[in-house]
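Here is a short set of questions and answers, in which each label is set against the rule behind it.

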Amino acid sequence: MTLENSRIVQFSDSQKHQLCIKLVNKLLKKQIDYMNIQMESYNQVFSIDESTPSWQTRLVICLLRLLKIKQKKASVPAVKKRLQKLKIQPASYEPKGLGSGIEVMLKHINEWPVYYTTPYSNSSIDSYVIFLHGGGYIDEIVPGHWKIIGEMNRKGKIGCIVPIYPLAPEATADKVVPAMGELLLKVFEEVGTKKVSIVGNSAGAALALASTQWLRDHDFRLPDKLVLISAGLDASYITQEQQEIAKIDPLLDIEGALYGAKLYAGDLDLNHPFVSPLNGDLHKLPPMLIFAGTLDFLYPNSIELKRKAESVGVKVDLYLKKGQPHNYPGLPTPEGKEALKVIINTIC
């Protein structure tokens, strides 16, 4: 066909939307067919939510692919480019996205900025959440994280405490984990006997588990509950299954994620519990509530954590949903709203 005989096909917005949905459905079917094979043994251990992802979730996944969000940190060169950009223009960590009705106070604990957020309508706070954000150890807290915090404040009538911990490559696990443990101790002293849970997502979930292990190892008070969302818990070993999932993961890729973990590890081995807390001792830890989606190459870490923790007597509730991406509880989808409701009911 010559250029003269060819013609440009133009699509209406409605046609573009339909094509996008078809593409996502095709990708999800491929992923779900693969996961059906992989999960036969898992089904013998715990229940998996196999419901079809909502159209809202499918649309979000489509947008993630169209916007090529994954490529921003998919490889070592991409992460290096991201770090160079952050060096020139550091990202803001100020609260943006909390929504209305939230009071904000900034303190400094051990030289870290720490935000305290509470609902205006509730002068008496009985429960607190320490929220540890994700970002692959190199990215700052973002409005999507603050939105989750605001929702917990409003709907749970709780106080949230948000440490702005230092990031790699300047900050490394050998310093960050003990420092986070010491910060948690000061928070425990401040709130007294009131209930305190830690909610961490992605890299923040790994930091939550590692710092709780540090507290346990030093015979200090532990949080009442650990809530871990899309946790990356083992940077020392990538399975063949994870490699297959990474091919269709719309947000994360192995090369970029591992490079971020290596920067955070510093002089430590990747299998050190500060970096890969799945390799640490899980005895005598608080009850855990875990969320993961099968469109996230990190989700096998959550399955392994449940297996290991329960084998030493730790109570674990795992919400694993087919076809959900990384950090799905933070998405404006029915599945995300349902997960956030479970989290709020647990931490209140």
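Q: In this predicted model, where is Asp219 found?
A: Asp219 sits in the loop that runs between α6 (203-217) and β6 (225-229).

Q: Why is Asp219 called exposed?
A: Exposed stands for a relative accessible area over 50%, and Asp219 counts as exposed because its relative accessibility is 72%. Asp219 also has a positive phi of about 60°, although it is not a glycine.

Q: Where is the place of Tyr137, and what makes Tyr137 buried?
A: Tyr137 belongs to the loop between β3 (127-132) and α4 (143-156). The relative accessible area of Tyr137 is 9%, and the cut-off for buried is under 20%, so Tyr137 is called buried. Tyr137, which is not a glycine, has a positive phi of about 70°, whereas most residues other than glycine have a negative phi.

Q: How do you know that the span of helix α2 agrees with what is expected?
A: The expected span is 1.5 Å times one less than the number of residues, so the 12 residues of α2 (residues 55-66) should span 16 Å, and the end C-alpha atoms are indeed 16 Å apart. Among the residues of α2 that are buried are Thr57, Val60, Ile61 and Leu64, and just after α2, Lys68 takes a positive phi of about 55°.

Q: What is the peptide bond from Ala168 to Pro169, cis or trans?
A: The bond is cis, with omega near 10°, and Pro169 lies in the loop between β4 (159-163) and α5 (173-191). Most peptide bonds are trans.

Note on methods:
Residues numbered from 1 in each chain as written. Predicted model: local features only at pLDDT ≥ 70, side-chain atom pairs only at ≥ 80, totals over all residues. Heavy atoms only, no water. Helix = DSSP H or I, 4+ residues; strand = E, 2+ residues; numbered from the N terminus. Buried < 20%, exposed > 50% of the residue type's maximum accessible area, 1.4 Å probe, protein only.
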